[in-house]
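Biologist: I would like to learn how to read a model of this kind, beginning with a single residue and working outwards to the helices. Could you take me through it slowly?

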Amino acid sequence: MTARRSFLARLGAAAATFGLGHSTALAARTPHSAQDGLAAPKPRSGAGAWEPARHEKDDWLDQLPGKHRLVFDGLSPDGVREALQFTGNFFTGNKNGYGLDAADVAVVIVMRHRATQFAFTDAIWAKYGAALSESEKFTDPKTGQAPIVNVYRAQLETQTKRGVHIAACDLSTHRLAAFIARKTEANAETVYKELVANAMPNVHFVPAGIVAVNRAQEHGYSVAHAG
């Protein structure tokens, strides 16, 4: 090693003396350069290369028009109310601040856990309001009694007409159907089919609400928590 250092030092000095330049001397002092027969380090393979899988049942997320995408994760009655309020703010802010119309943004409201009940029309609430109220611990804010209508129907219809879509948790829908069936001595599968047949406009029944939140993110939607 001492002899090698001495040789390299003399070589560097000779390069300076004969005007070979800094780069030549530097190359001589770099034992891991290509001229030593060693390959340059390669970047780690796979870094940043992960991409989510795509599934046909999630294609509807890409069929919504819009330059900007937002999904609300609704968990409760208050969460639905907040999601509807902030959906309005999202449209207004994009219009006032950027001159964007409703078709320029895509909004999905996920209804899962205690929010799923609001994916259904007044017909369901008129028939099963007492059971839904008991199951989800929710009463009509105006009367304090079990609702006989979907208390958010008007706001939901306003937003769905603007292009908002709803992802309703199928797991929670089955849970609600089973609870209603026990309370009314009906068949759970029959009640489930009735719920699905009486969904609000633009409702998509997803395998689980939390899955819809995940898939929306993987399809480019930013997420806002809603109660």
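Modeller: Let us begin with His 113, which is partly exposed, with a relative accessible area of 48%. The model is a predicted one, and the place of His 113 in it is the loop between strand 2 and helix 5.

Biologist: Which residues is His 113 in contact with, leaving aside its neighbours within four places in sequence?

Modeller: Once those neighbours are set aside, His 113 is in contact with Leu 75, Glu 136, Ser 172 and Arg 175. There is also a C-alpha to C-alpha distance to consider, since His 113 and Gly 74 are 39 residues apart in sequence and 8.1 Å apart in space.

Biologist: How should I place that in the chain as a whole, and how many helices and strands does the protein chain have?

Modeller: The protein chain has nine helices and five strands, and read from the N terminus the order of these elements is α-α-α-β-α-β-α-α-β-α-α-β-α-β. Among contacts between residues at least 6 apart in sequence, 74% join residues at least 24 apart, while 38% of the 227 residues count as buried.

Biologist: How do I read the packing of two helices?

Modeller: Two packed helices are described by the angle between their axes and by the distance between the axes. For helix 5 and helix 7, the axes come within 10 Å and cross at roughly 120°, and the two helices are therefore oblique to each other. Their crossing is right-handed.

Biologist: Which residues of helix 5 and helix 7 meet?

Modeller: From helix 5 there are Tyr 128, Ala 131, Leu 132, Glu 134, Ser 135 and Glu 136, and these meet Arg 175, Leu 176, Phe 179, Ile 180, Lys 183 and Thr 184 in helix 7. Sorted by character, the residues of this contact divide into six nonpolar, two polar and four charged. Two residues named here, Glu 136 and Arg 175, have already appeared as contacts of His 113.

Biologist: Is Ser 133, which lies in helix 5, buried or exposed?

Modeller: Ser 133 is buried, with a relative accessible area of 11%, which falls under the 20% cut-off for a buried residue. Apart from its neighbours within four places in sequence, Ser 133 is in contact with Phe 138, Thr 139, Ala 146 and Pro 147.

Biologist: How do I judge whether the buried residues of a helix share a side?

Modeller: The general idea is that an α-helix has 3.6 residues a turn, so residues three or four places apart point the same way. In helix 6, which spans residues 153-161, the buried residues are Leu 156, Gln 159 and Thr 160. They cover an arc of only 100° around the axis, which puts them on the same side of helix 6.

Biologist: What do the buried residues of helix 6 pack against?

Modeller: They pack against helix 4 (77-98), strand 2 (105-111) and strand 3 (165-169). Gln 159 in helix 6 can serve as an example, being buried with a relative accessible area of 8%. Leaving aside its neighbours within four places in sequence, Gln 159 is in contact with Leu 84, Thr 87, Gly 88, Phe 91 and Val 164.

Biologist: At what angle do helix 4 and helix 6 pack?

Modeller: Helix 4 and helix 6 pack at about 30°, with their axes 10 Å apart, and they are therefore roughly parallel to each other. Helix 4 passes helix 6 in a left-handed crossing. The contact is made by Leu 84, Thr 87, Gly 88 and Phe 91 of helix 4 together with Gln 155, Leu 156 and Gln 159 of helix 6, and its residues divide into three nonpolar, four polar and no charged.

Biologist: Finally, what should I look for in the backbone angles, and where is phi positive in a residue other than glycine?

Modeller: Two such residues are Glu 185, with phi near 55°, and Asn 202, with phi near 60°. Glu 185 is found in the loop between helix 7 and helix 8, where it is exposed, with a relative accessible area of 76%. Asn 202 belongs to the loop between helix 8 and strand 4 and is partly exposed, with a relative accessible area of 28%. A glycine with positive phi can be found as well, since helix 6 is followed by Gly 163, whose phi is near 110°.

Definitions and conventions: Residues numbered from 1 in each chain as written. Predicted model: local features only at pLDDT ≥ 70, side-chain atom pairs only at ≥ 80, totals over all residues. Heavy atoms only, no water. Buried < 20%, exposed > 50% of the residue type's maximum accessible area, 1.4 Å probe, protein only. Helix = DSSP H or I, 4+ residues; strand = E, 2+ residues; numbered from the N terminus. Arc of directions from axis to C-beta. Contact = heavy atoms within 4.5 Å. Axes fitted to C-alpha atoms, helices over the stretch in contact; angles between N-to-C directions. Parallel < 35°, antiparallel > 145°, perpendicular 65-115°, else oblique. Left-handed = near helix turned anticlockwise from the far one by under 90°. Nonpolar A, V, L, I, M, F, W, Y, C, P; charged D, E, K, R; others polar.
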